[in-house]
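Here is a small set of exercises to work through with the model open beside you. Try each task before you read its solution.

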Amino acid sequence: MQAESGFEGFLMPDWPDDDLGGEHEEGVLTESKQKLEKPPLYKVLLHNDDYTTMDFVVFILESVFHKSEADAFKIMMAVHQQGIGVAGVYTYEVAEAKVAKVIDLARAREFPLLCTLEVE
């Protein structure tokens, strides 16, 4: 006499032999090495104009680019004397976000400060 299991008519799935301990072919596992390239970096540039105050440029460098007071002053002077200065070097997404933040802050204070990015 067979005991009733309650699974009458239940079909076993077609499982691969590996799962059931059957024989299988041995294969060679090859490791493909992909060389990851570093993303390109972008310089965030501040451009000189006749209206944006030096204090505001220092504020931008300290608050957006997290520069020390001394470094912010040096960069601001480069912008003032050379017409352009590098505020920082970042990946594209970070550089783009910093440019947008600078432009938003400048426009909110009615300064025409130009901030751009270029490939390093």
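The exercises below go from the whole chain to single strands, helices and one charged pair.

This is a predicted model, in which local features need pLDDT of at least 70 and side-chain atom pairs count only at pLDDT 80 or more, while totals for chains, interfaces and linings use all residues. Residues are numbered from 1 along each chain as its sequence is written, and side-chain values use heavy atoms, with hydrogens and water left out.

**Exercise 1. The overall layout**

Work out which pattern of helices and strands the protein follows along the sequence.

Solution. Start with the DSSP runs: helices are H or I runs of at least four residues, strands are E runs of at least two, and both are numbered from the N terminus. The protein has three helices and three strands. Reading along the sequence gives β-α-α-β-α-β. Next, look at burial, where buried means under 20% relative accessible area, exposed over 50%, and partly exposed in between (1.4 Å probe, protein chains only). Of the 120 residues, 27% are buried.

**Exercise 2. The strand β1**

Find the strands that pair with β1, and name the partners of Val44.

Solution. Two strands pair if DSSP finds at least two bridges between them. Strand β2 (residues 84–91) runs antiparallel to β1, and seven bridges join them. β1 also pairs with β3 in the antiparallel sense, over six bridges. Now take Val44: its bridge partner in β2 is Gly88, and in β3 it stands opposite Leu117. As for cover, five of the seven residues of β1 are buried.

**Exercise 3. The helix α2**

Check the span of α2 (residues 69–82) and decide where its buried residues lie.

Solution. The expected span of a helix is 1.5 Å times one less than its number of residues. With 14 residues, α2 reaches 20 Å from its first C-alpha to its last, close to the expected 20 Å. Its buried residues are Ala72, Ile75, Met76, Ala78 and Val79. Seen down the axis, they fall within an arc of 155 degrees, so they line one face of α2; the arc is that of the directions from the helix axis to the C-beta atoms. The face turned away from this buried side carries the exposed residues Glu69, Lys74, Gln81 and Gln82. Finally, the cover over the buried residues of α2 includes β1, α1 (54–63) and β2. Gly83 follows α2 and has a positive phi, near 90 degrees.

**Exercise 4. The helix α3**

Repeat the analysis for α3 (residues 92–108).

Solution. The 17 residues of α3 should span 24 Å, and its end C-alpha atoms are 24 Å apart, which agrees. The buried residues are Ala95, Lys98, Val99, Val102, Leu105 and Ala106. They fall within an arc of 135 degrees seen down the axis, so they line one face of α3. On the face turned away from them are the exposed residues Glu93, Asp104 and Ala108. Among the elements covering the buried residues of α3 are β1, α1, β2 and β3. Just after α3, Glu110 takes a positive phi of about 60 degrees.

**Exercise 5. The charged pair**

Locate the salt bridge and say which strands it links.

Solution. A salt bridge is a side-chain nitrogen of Lys or Arg within 4 Å of a carboxyl oxygen of Asp or Glu. The structure holds one. Lys43 forms it with Glu118, the closest N and O atoms being 3.2 Å apart. The pair links Lys43 in β1 (residues 41–47) to Glu118 in β3 (residues 114–119), 75 residues apart. Lys43 is partly exposed at 22% relative accessibility, and Glu118 is partly exposed at 35%.

Note on methods
Contact means heavy atoms within 4.5 Å.
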